[in-house]
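Biologist: I would like to learn how to read a few features off this model. Where do we start?

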Amino acid sequence: VLTHVNVSGTWSEVRLGAPDADPIAVVGRIVSMHSIYNNLWNKVYSRALFEDGACRLEPDIRIGEDAVLNARLYARARRIAHLPEVLYAYRVHAQSAMAEAVKDYCARHQPMLRGLSRALLDTGLKERFFRAFVMSAMWAREKEFGVRAAAAAFGPQVRALALEGVDPARLRGENRRAYALIRLHLFPAWYVAHHFFKKRGGRA
């Protein structure tokens, strides 16, 4: 359970639902911008995960640095446990980083997306979560500019980051299909159609 105290002073809860038992599955949730798994402050970590110095917060990432670090930590974790009790309240106030993040949302999230791409490449998981990563990169643009503008910006601004370091031979299923759409320059049109069908309860 994640409890927020919002800027207005109201309380809200975000419940995890059925928790994942597989740490690698959690990496996929983080790539998809999960509101609980991404955060550092609602977790307790084994010190052994940090002892070799490979997992640290990246100082050049201001927004989403916890998501990047958690992707690395879950990728090396052997087991995880969840507590259903409310043990921590996160207060969002006018001067908090997340309150500021709504301004220039897309630009502020680019360092996080680059860090997440590096984390996935370093852990050998980018091919496994390729489509999820591409969709999150698009969402950062869509949230600020809308679906069509995000699709129009895909070529010059998202494509290179999406394809960076990816081994096509390791792609399977929806990841292989997304890769093919990108290579054929068809992904922006698919993205718009995907949202059209999703909005109407269908699938693309």
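Modeller: With a definition. Helices are DSSP runs of H or I, at least four residues long, numbered from the N terminus. Keep in mind that the model is predicted.

Biologist: Which residue follows H9, and what is the sign of its phi?

Modeller: His185 follows H9. Its phi is positive, near 60°.

Biologist: Now the helix itself. Which residues of H9 are buried?

Modeller: First the cut-off: buried means under 20% relative accessible area. In H9, residues 173-183, that applies to Asn175, Ala178, Tyr179 and Ile182.

Biologist: Why do those four lie on the same side of H9?

Modeller: The general idea comes first. An α-helix has 3.6 residues a turn, so residues three or four places apart point the same way. Now the case here. The buried residues of H9 cover an arc of only 100° around the axis, which puts them on the same side.

Biologist: What covers that side?

Modeller: The cover over the buried residues of H9 includes four helices: H5 (130-145), H7 (154-157), H8 (159-163) and H10 (187-199).

Biologist: Let us step back along the chain. Where is Leu171, and is it buried or exposed?

Modeller: Leu171 sits in the loop between H8 and H9. It is buried, because its relative accessible area is 0%.

Biologist: What does Leu171 touch?

Modeller: Leave out residues up to four places away in sequence. Then Leu171 touches Glu127, Phe130, Val166, Arg176 and Tyr179. Tyr179 is also one of the buried residues of H9.

Biologist: How far apart are Leu171 and Arg128 in sequence and in space?

Modeller: They are 43 residues apart in sequence. From C-alpha to C-alpha, the distance is 6.8 Å.

Biologist: Next, a polar side chain. Where is Asn70, and is it buried or exposed?

Modeller: Asn70 belongs to helix H2. It is buried, at 0% relative accessible area.

Biologist: Which backbone oxygens does the side chain of Asn70 reach?

Modeller: Look for polar contacts, pairs of N or O atoms within 3.5 Å. The Asn70 side chain reaches the backbone oxygen of Asn39 at 2.9 Å. It reaches that of Tyr37 at 3.3 Å. Beyond four places in sequence, Asn70 touches several residues, including Ile30, Leu40, Lys43 and Tyr45.

Biologist: Last, the surface. Which residues make the nonpolar patch?

Modeller: Leu83, Leu87 and Tyr88 make a nonpolar surface patch of about 360 Å². Tyr88 lies in the loop between helix H2 (65-76) and strand S3 (89-91). At 42% relative accessibility, Tyr88 counts as partly exposed.

How values were computed:
Residues are numbered from 1 along each chain as its sequence is written. This is a predicted model: local features need pLDDT of at least 70, side-chain atom pairs count only at pLDDT 80 or more; totals for chains, interfaces and linings use all residues. Side-chain values use heavy atoms; hydrogens and water are left out. Buried means under 20% relative accessible area, exposed over 50%, partly exposed in between (1.4 Å probe, protein chains only). Helices (H or I, at least four residues) and strands (E, at least two) are DSSP runs, numbered from the N terminus. The arc is that of the directions from the helix axis to the C-beta atoms. Contact means heavy atoms within 4.5 Å. Patches are made of residues with over 30% relative accessible area and no salt bridge: like charges are joined within 9 Å, nonpolar side chains (Val, Leu, Ile, Met, Phe, Trp, Tyr) within 5 Å. Accessible areas come from the Shrake-Rupley method with a 1.4 Å probe; for residues, only the protein chains shown count as cover. A salt bridge is a side-chain nitrogen of Lys or Arg within 4 Å of a carboxyl oxygen of Asp or Glu. A polar contact is a pair of N or O atoms within 3.5 Å; within protein, one must be able to donate a hydrogen and the other to accept it, and residues adjacent in sequence count only if both atoms are side-chain atoms.
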